[in-house]
Amino acid sequence: MYTHSHAHTHTHTQPPHIDYPLLVHQNPVCLCYVEPQNLTGVLEFLLLGFSDDPELQPVIFSLFLSMYLVTMLGNLLIILAVSSDSHLHTPMYLFLSILSLADIGFTSTTVPKVILDIKTHNRVISHMGCLIQLSFFILFGCLDSVLLTVMAYDRFVAICYPLHYPVIMNPRLCSLLILVSFLISLLDSQLHCLMMSQLNFCINVEIPHFFCDIPQLLRLSCNGTSTNKLFLYFIGAIFGGIPVSGILFSYTRIVSSILRVPSTGGKYKAFSTCGSHLSVVCLFYGTGLGVYLSSAVSHSSRKDAVTSVMYALVVPMLNPFIYSLRNGDVKRALQRLLNRTV
């Protein structure tokens, strides 16, 4: 059924006003253009963030800025410590420095936008900007996941085949693993981006989140059908399930190998080499799974935004502390780096 109506006017700068026929879907609140692809360039989203209360904005601004600076500093220190200390030029610490780089990218896709929005009182993001943010968020998030799997494999080889470790984990294989991790993450992000670019949106779309989150966009789209959701879950099962399976397999073999060590001291020494990694894995997958499970059962979008802070900001911020506090080699390297700086 078609009706002719004037499009609502944005509060922001718009091209000259044009009349478009609106398509009324079964959902009465969703009025979409018949030819939305012609307007993709001017379609904008409004990121509602956490709260509309003006008194809370300085608190949110200070909290996000301080956490972002701590995240950047912590991860940069890990990268500098690994690159400057010859004792840490091993596969495990090479993967750790790449993980820190991925964490910097992961946080930088969302947090600077939040800080800028609060400072400028402008929460608008374009359709293209939303897709770019989404692409980089998925890219670095998937890179984190795949790198954690690569690090689990590294620990598996180190504990189960210690004598063959230098031969198996040679520089060529390490470089190949990093390249493959990046390519897998790029493929995942582009598949998500391609799927989201097919969605049509209503006029004046408000996203009750602090970044362009996939579940929110699917919920707000005019054609976010069950087919899109099934495809999304399929991609998630492939790119999320395979890394988790790899980690579980590696740690099953690691635990069985450690249990065969006769002395208690030997068991503790063997397990301490992968304690930091296991902590980060539990934190990363635990918070990510918790957020998406809570968004599935919760009807409050603002609560979803608050819980999303856990994996979007808190996890990348804590990773350097987990590795530096639980790892003597990193602590000594950081101490030497700071002594040279002073």
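At 2% relative accessibility, Leu47 counts as buried, where buried means under 20% relative accessible area, exposed means over 50%, and partly exposed lies in between (1.4 Å probe, protein chains only). Leu47 belongs to strand E4, residues 44-47; helices (H or I, at least four residues) and strands (E, at least two) are DSSP runs numbered from the N terminus. Although Leu47 and Arg123 stand 76 residues apart along the chain, their C-alpha atoms are separated by 5.3 Å. The model is a predicted one, in which local features need pLDDT of at least 70 and side-chain atom pairs count only at pLDDT 80 or more, while totals for chains, interfaces and linings use all residues. Residues are numbered from 1 along each chain as its sequence is written, and side-chain values use heavy atoms, with hydrogens and water left out.

Leu47 and Arg123 appear together again in the lining of the largest cavity, among residues that also include Phe50, Asp117 and Phe210. A cavity is found on a 1 Å grid over the protein atoms alone, as a set of points where a 1.4 Å probe fits but cannot get out; a pocket, by contrast, is an open set with protein on both sides within 12 Å along at least five of seven lines, and lining residues have an atom within 4 Å of a point. Grid points are joined across faces, edges and corners, and a volume is the space filled by probe spheres set on the points. By this rule there are 3 cavities of 30 Å³ or more, and the largest has a volume of about 100 Å³. Helix H1 (57-84) and helix H3 (111-120) each supply at least two residues of its lining, with H3 giving the most, 3 residues. Sorted by class, this lining has 6 nonpolar, 3 polar and 2 charged residues. Here Ala, Val, Leu, Ile, Met, Phe, Trp, Tyr, Cys and Pro count as nonpolar, Asp, Glu, Lys and Arg as charged, and the others, Gly among them, as polar.

Asp117, one of the residues lining the largest cavity, also takes part in a salt bridge with Lys113, the closest N and O atoms being 3.1 Å apart. A salt bridge is a side-chain nitrogen of Lys or Arg within 4 Å of a carboxyl oxygen of Asp or Glu. Side chains of opposite charge can pair when their charged atoms come close. Because Lys113 and Asp117 are 4 residues apart in helix H3, about one helical turn separates them. Lys113 counts as buried at 19% relative accessibility, and Asp117 does so at 6%.

The structure holds 3 salt bridges. Another of them joins the side chains of Arg336 and Asp85 (2.5 Å, N to O). Arg336 lies in helix H11 (residues 328-341) and Asp85 in the loop between H1 and helix H2 (91-108), so this pair ties together parts that are 251 residues apart in sequence. Arg336 is partly exposed, with a relative accessible area of 33%, whereas Asp85 is buried at 6%. Asp154 and Arg155 also form a salt bridge, with 2.8 Å between the closest N and O atoms, and both of these residues are buried.

Attention now turns to helix packing. Two packed helices are described by the angle between their axes and the distance between the axes. For helix H4 (residues 127-160) and helix H6 (residues 171-197), the axes come within 8 Å and cross at roughly 145°; axes are lines fitted to C-alpha atoms, for helices over the stretch in contact, and angles run from 0 to 180 degrees between N-to-C directions. The crossing of H4 and H6 is right-handed, a label used if the near helix is turned clockwise from the far one by less than a right angle, with left-handed used if anticlockwise. The residues of this contact divide into 15 nonpolar, 7 polar and 1 charged. Cys130 is found in helix H4 and is buried, with a relative accessible area of 2%. The C-alpha atoms of Cys130 and Met196 are separated by 9.8 Å, with their positions 66 residues apart along the chain.

H4 and H6 also help to line the largest pocket, as do helix H7 (214-220), helix H8 (226-259) and helix H9 (264-297), each supplying at least two residues. This pocket has a volume of about 1200 Å³. Its lining counts 33 residues, of which His192, Leu232, Gly236, Gly288 and Tyr292 lie nearest the centre. The largest share, 10 residues, comes from H8.
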